[in-house]
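These are my notebook entries on one chain, kept in the order in which I looked things up. I began with the links between cysteines and then went on to the core, the charged pairs and the totals.

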Amino acid sequence: MLISRLLEQVNKNTTRGVQSARDAMLSGVIIIFSGILIVWLSIFLYTAFYYAYVPSISYVRPVHLEFQSCSEQKGICSFPSAYVQLTNKQELLMVGQPYKVNLHLEMPESPTNKELGMFMVCAELRTREGVLMEQACRSTMLHYRSTLLGMLTTLTFSPMMIFGSTEEKQNVVLELFGNFEDDQRHPVTVIYIEIQSKHIEIYSASVMINAHLSGLRYFMFHWPILSGIVGIGTNLFFIALVCILSYLHFTHTEDNNFNYEEEKICKEPQDQPSESSSLEDFCFGTFS
């Protein structure tokens, strides 16, 4: 009788140990998978926030100038102008973000351009429906070079000019709009540009739109690694905190339900006398 009780106790202890090891292994696997999921969720949330909050830093669109040719004399008989299509979508620029709109002109250092002096460039920002949102006119000119400086520059770069690696030209950058913010109700999709000179000579032209970042956007764009560490770490902390609080609340609710069921069983009257002793032992061990 004693040996059977010892064997039964050993069997119970062994079963309890195996069950505990199995529960510990299952808990470890759940914790590892939960940690991996939380890390990937934190990275995903920061990446989604970055692309939704930080705009593209610049947009470049070519400007194809058009004009009316003169039939009786050489040259042009109208101001060169162009409609620049920014996007075929509903909007390109982020609402609430200031932008700088610059016009880049590639101009040869020809005698005509040197004698041209100052000239005006006008621009209009319009919506898809043609609504005028903003307009501006700016003046510019070629950078001045004296005759002596021009001769020295030509002599210095003459080998590269002969092989075509460099040319006698200047890149003139003109700021048309310095702090433009798009309207959500009427997003800008077209830029109209007009160069008010009939004697200007231009190789090519392009419009560059640069986002004027400040505050958090400036920090996230110029220090992406540091901001990524801070952002992902913050997401990881709050997600882990929510998961831990949810787990504690769930386990506390389960313990309360289990104790309530045990107390309900112990308080119910028992009809079979054979089970009363074992039930008393169970209730006494539970509430003692």
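**Entry 1: the disulfide of Cys70 and Cys77**

I looked first at Cys70 and Cys77, which form a disulfide with their sulfur atoms 1.5 Å apart; the term stands for a pair of cysteine sulfur atoms within 2.5 Å. I noted for myself that a disulfide is a covalent bond between the sulfur atoms of two cysteines. The model is a predicted one, in which local features need pLDDT of at least 70 and side-chain atom pairs count only at pLDDT 80 or more, while totals for chains, interfaces and linings use all residues. Residues are numbered from 1 along each chain as its sequence is written, and side-chain values use heavy atoms, with hydrogens and water left out.

The torsion about the S-S bond of Cys70 and Cys77 is about 125 degrees, so I entered this disulfide as right-handed. I then checked the cover of the two partners, taking buried as under 20% relative accessible area, exposed as over 50% and partly exposed as in between (1.4 Å probe, protein chains only). Cys70 is buried, at 13% relative accessible area, whereas Cys77 is partly exposed, at 34%.

**Entry 2: the other cysteines**

How many disulfides does a search of the whole structure find? I found 2, and Cys122 and Cys137 also form one, with their sulfur atoms 2.1 Å apart. The link of Cys122 and Cys137 is right-handed, with 110 degrees about the S-S bond. Because Cys122 lies in strand 4 (residues 119–127) and Cys137 in strand 5 (residues 132–140), the pair ties together parts that are 15 residues apart in sequence; helices (H or I, at least four residues) and strands (E, at least two) are DSSP runs, numbered from the N terminus. Cys122 is buried, with a relative accessible area of 11%, and Cys137 is partly exposed, with 38%. I also looked up Cys243, which counts as partly exposed at 37% relative accessibility.

**Entry 3: Ser78**

I placed Ser78 in the loop between strand 1 and strand 2, and its relative accessible area of 16% makes Ser78 buried. The side chain of Ser78 reaches the backbone nitrogen of Gln68 at 2.7 Å. Leaving aside neighbours within four places in sequence, Ser78 is in contact with Phe67, Gln68 and Lys198, where contact means heavy atoms within 4.5 Å.

**Entry 4: the nonpolar core**

Which residues have the most contacts inside the largest nonpolar core? I noted Ile191, Ile193, Val207 and Ile209, in a core of 35 residues; such a core is a set of buried Ala, Val, Leu, Ile, Met, Phe, Trp, Tyr and Cys residues joined through side-chain atoms within 4.5 Å. The elements that each supply at least two residues of this core include strand 1 (58–63), strand 6 (169–180), strand 7 (188–196) and strand 8 (204–211). I followed up Ile191: leaving aside neighbours within four places in sequence, its contacts include Tyr83, Val101, Leu125, Val207 and Ile209.

**Entry 5: salt bridges**

I then searched for salt bridges (a side-chain nitrogen of Lys or Arg within 4 Å of a carboxyl oxygen of Asp or Glu), and the count comes to 4. One of them joins the side chains of Lys169 and Glu106, at 2.3 Å from N to O. This pair links distant parts of the chain, with Lys169 in strand 6 and Glu106 in strand 3, 63 residues apart. Lys169 is partly exposed at 30% relative accessible area, while Glu106 is buried at 19%.

I also entered Glu109 and Arg145, whose closest N and O atoms are 3.2 Å apart in a salt bridge. Glu109 lies in the loop between strand 3 and helix 2 (111–116) and Arg145 in the loop between strand 5 and helix 3 (147–156), so the pair ties together parts that are 36 residues apart in sequence. Glu109 is buried at 15%, and Arg145 counts as partly exposed at 38%. Arg126 and Glu124 meet through their side chains in a salt bridge of 2.8 Å, N to O, and Arg126 is partly exposed at 23%.

**Entry 6: totals for the chain**

I closed with the totals: the secondary structure comes to 7 helices and 8 strands, and 27% of the 288 residues count as buried. Among contacts between residues at least 6 apart in sequence, 78% join residues at least 24 apart.

Key
Polar contact = N/O pair within 3.5 Å; in protein donor to acceptor, adjacent residues only side chain to side chain.
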